[in-house]
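Please find below some notes on the structure, set out as numbered points. They are best read with the model in view.

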Amino acid sequence: MDLLLRKSKVVREGERALSIRAQEERGRAWAAEHGYCVRKVWRENLSAWSDVRRPRYDAAMAAVMNGEVPCLWVYALDRFSRKGAEAVVPILGKARVIFDYERLDSMDERDRRWIIDRAENAREYSQRLSYNVTKTKGQQRNEGRWLAKAPFGLVAHRDTRRLSPDHTPYLCVVKSRQELTPWQVVTRIFAEIAGGTSSRALARKFNEEGIKSSTGKFWRADSIRAVVIHPA
């Protein structure tokens with residue numbers, strides 16, 4: 001038999017979302033208990049929603065549907081798919097897929113309705129979660145909260161997530177013994193560009209002066225342009 005293991009890397013799904021390793025241990029234990037040996041383990045660390053490509057899922061499904069392997073084990077229905085009934089109907093009575101958490105078997109006539117119902121529940125949960133996350137992020141953006149890593153030259157406050165100039169010294173220019181802050185570098189970029197200096201020339205000037213970016217790398221012309229075109 002094969003094992004199909006999945007854990008989302010996007011959403012924290014609670015205690016039921018076992019790690020890939022824990023799922024594999026349970027799958028191997030189930031195989032040993034029911035007289036199977038594990039042929040292949042298909043591991044995924046991604047979402048199971050409709051717009052995500054799942055090549056390992058596709059390969060595992062092809063193997064069990066084509067009879068290459070007699071059984072496919074999955075920890076739970078929401079680890080299998082969140083597309084609802086459309087994902088599970090093709091396997092009912094045609095290929096054996098074990099949903100361990102729910103103790104359901106796609107080849108068992110008595111489990112058909114349960115599998116469809118649980119698959120639809122997983123789909124509804126995923127849709128509701130996606131809607132809530134989208135609405136929450138939209139509201140936070142409308143309130144001026146910065147949700148990602150703050151851009152160079154700015155800092156996001158821990159509580160409000162509002163952006164403000166970053167006045168924390170991050171660089172000491174040896175020749176002038178001057179401490180520079182990210183905000184000073186950003187304001188100089190705008191002043192130099194407004195004064196007619198090209199982005200290529202400014203990048204060269206920064207590198208000659210020993211002024212590096214926040215990551216410690218040399219400046220490039222496209223980095224200068226990125227700050228000017230879209231500072232946030």
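1. In this predicted model, helix 7 spans residues 199-209, and its buried residues are Ser-199, Leu-202, Ala-203 and Phe-206. These four residues lie on the same side of helix 7, because they cover an arc of only 100 degrees around the axis. The spacing agrees with a general rule: an α-helix has 3.6 residues a turn, so residues three or four places apart point the same way.

2. The other side of helix 7 should be examined as well. Arg-200 and Glu-208 are found there, and both are exposed.

3. What covers the buried residues of helix 7? The cover includes helix 6, residues 182-194, and helix 8, residues 221-229. After helix 7 comes Gly-210, which has a positive phi, near 85 degrees.

4. A second region to inspect is strand 5, which consists of residues 104-105 and contains Asp-105. Is Asp-105 buried or exposed? Its relative accessibility is 13%, so Asp-105 counts as buried, the cut-off for that term being under 20%.

5. The surroundings of Asp-105 can be traced through its contacts. Leaving aside residues up to four places away in sequence, Asp-105 touches Arg-96, Val-97, Ile-98, Asp-111 and Ile-115. One of these contacts, Ile-115, is 10 residues from Asp-105 along the chain, and the C-alpha atoms of the two are separated by 8.2 Å.

6. Ser-106 belongs to the loop between strand 5 and helix 5, the latter comprising residues 112-142. With a relative accessible area of 1%, Ser-106 is buried. Which backbone atom does the side chain of Ser-106 reach? It is the backbone oxygen of Ala-95, at a distance of 2.4 Å.

7. Ala-95 is also among the residues that Ser-106 touches, when residues up to four places away in sequence are not counted. The others are Ile-91, Leu-92, Gly-93, Arg-96, Val-97 and Ile-115. Arg-96, Val-97 and Ile-115 are likewise touched by Asp-105.

8. Finally, the protein chain may be considered as a whole. It has 8 helices and 9 strands, and 36% of its 232 residues count as buried. Among contacts with a separation of 6 or more, 53% are accounted for by residues 24 or more positions apart. The accessible surface of the protein chain comes to about 14,500 Å², and 49% of that surface belongs to carbon and sulfur atoms.

Key: Residues numbered from 1 in each chain as written. Predicted model: local features only at pLDDT ≥ 70, side-chain atom pairs only at ≥ 80, totals over all residues. Heavy atoms only, no water. Buried < 20%, exposed > 50% of the residue type's maximum accessible area, 1.4 Å probe, protein only. Helix = DSSP H or I, 4+ residues; strand = E, 2+ residues; numbered from the N terminus. Arc of directions from axis to C-beta. Contact = heavy atoms within 4.5 Å. Polar contact = N/O pair within 3.5 Å; in protein donor to acceptor, adjacent residues only side chain to side chain. Areas by Shrake-Rupley, 256 points an atom, 1.4 Å probe, with all protein chains shown as cover.
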